[in-house]
Amino acid sequence: MKTLLDILIEKLPDGAEIRNAKETNNRFRFDFVYDGGVSKGNMSKTCAPGREERYVIQEIAAHMAGIALNKGDRIGAEQWLAVAMSGEMPE
């Protein structure tokens, strides 16, 4: 059975990667890395049944938006926040 971290890794956008992943009793901790930016991840190991993919997409989008904001890319951050709201990855 796949964990939420496994699903997150499968759904990563091109160029993004997960580093230093560690598992605690109820969370995954990791560094979300994209285009030289790093966002600290702290993701629950569980979510509502059937919502795993949406949960992971929202997690990815939040990290991507944060990295975009840190680089001063307001438009990119807004696009990723829209992905977080929709729960669907862009084509």
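Is glutamate 17 buried, partly exposed or exposed? In this predicted model, glutamate 17 counts as partly exposed, at 34% relative accessibility. That residue makes a convenient starting point, since its charged side chain leads directly to the salt bridges.

Glutamate 17 and arginine 19 join their side chains in a salt bridge, with N and O 3.1 Å apart. Arginine 19 is likewise partly exposed, its relative accessible area being 40%. Across the whole structure, the search finds seven salt bridges, and two further examples are worth a look. Lysine 40 pairs with aspartate 31, and the closest N and O atoms of this salt bridge lie 2.9 Å apart. Here the two partners sit in contrasting surroundings: lysine 40 is exposed, with a relative accessible area of 63%, whereas aspartate 31 is buried, at 11%. The other example links arginine 74 to glutamate 78, with an N to O distance of 2.6 Å. These two residues are four apart in helix α3 (residues 74-86), so about one helical turn separates them. Arginine 74 is exposed, with a relative accessible area of 53%, while glutamate 78 is partly exposed at 44%.

The sheet comes next. Three strands make up an open sheet, arranged in the order β1-β2-β3 with antiparallel pairing. Strands β1 (16-23) and β3 (37-44) are at the edges, each pairing on one side only. On average, and ignoring direction, neighbouring strands of this sheet are turned by 25 degrees against each other. Strand β2 (residues 27-34) runs antiparallel to β3 and is joined to it by eight bridges. One of the residues bridged to β3 is tyrosine 34, whose partner there is glycine 37. Helix α2 packs on this sheet and touches β2 and β3. The direction of α2 makes about 150 degrees with that of β3.

What about the nonpolar interior? In soluble globular proteins, nonpolar side chains tend to be buried together. In the present model, the largest nonpolar core has 21 residues, and Leu8, Phe32 and Ile60 have the most contacts inside it. At least two residues of this core come from each of α1 (4-11), β1, β2, α2 and α3. Helix α2 gives the most, with seven residues. The surroundings of phenylalanine 32 can be followed in detail. Not counting residues up to four places away in sequence, phenylalanine 32 touches a set of residues that includes Leu12, Ala16, Ile18, Val38, Ile60, Met64 and Ile67. Among its other contacts are Gly37, Ser39 and His63, and Glu17, the residue of the opening question, is also touched by phenylalanine 32.

A last charged residue deserves attention. Glutamate 59 is found in helix α2 (residues 52-70). Glutamate 59 is buried, yet it has no salt bridge. Which side chain of opposite charge is nearest to glutamate 59? That side chain belongs to arginine 27, which is 7.0 Å away; the cut-off for a salt bridge is 4 Å, so this pair does not count as one. Leaving aside neighbours within four places in sequence, glutamate 59 is in contact with Leu8, Phe30, Asn42 and Met43. Of these contacts, Leu8 has already appeared among the residues with the most contacts inside the largest nonpolar core.

Notes
Residues are numbered from 1 along each chain as its sequence is written. This is a predicted model: local features need pLDDT of at least 70, side-chain atom pairs count only at pLDDT 80 or more; totals for chains, interfaces and linings use all residues. Side-chain values use heavy atoms; hydrogens and water are left out. Buried means under 20% relative accessible area, exposed over 50%, partly exposed in between (1.4 Å probe, protein chains only). Lys and Arg count as positive and Asp and Glu as negative; His and the chain ends are not counted. Contact means heavy atoms within 4.5 Å. Two strands pair if DSSP finds at least two bridges between them. Axes are lines fitted to C-alpha atoms, for helices over the stretch in contact, and angles run from 0 to 180 degrees between N-to-C directions. A nonpolar core is a set of buried Ala, Val, Leu, Ile, Met, Phe, Trp, Tyr and Cys residues joined through side-chain atoms within 4.5 Å.
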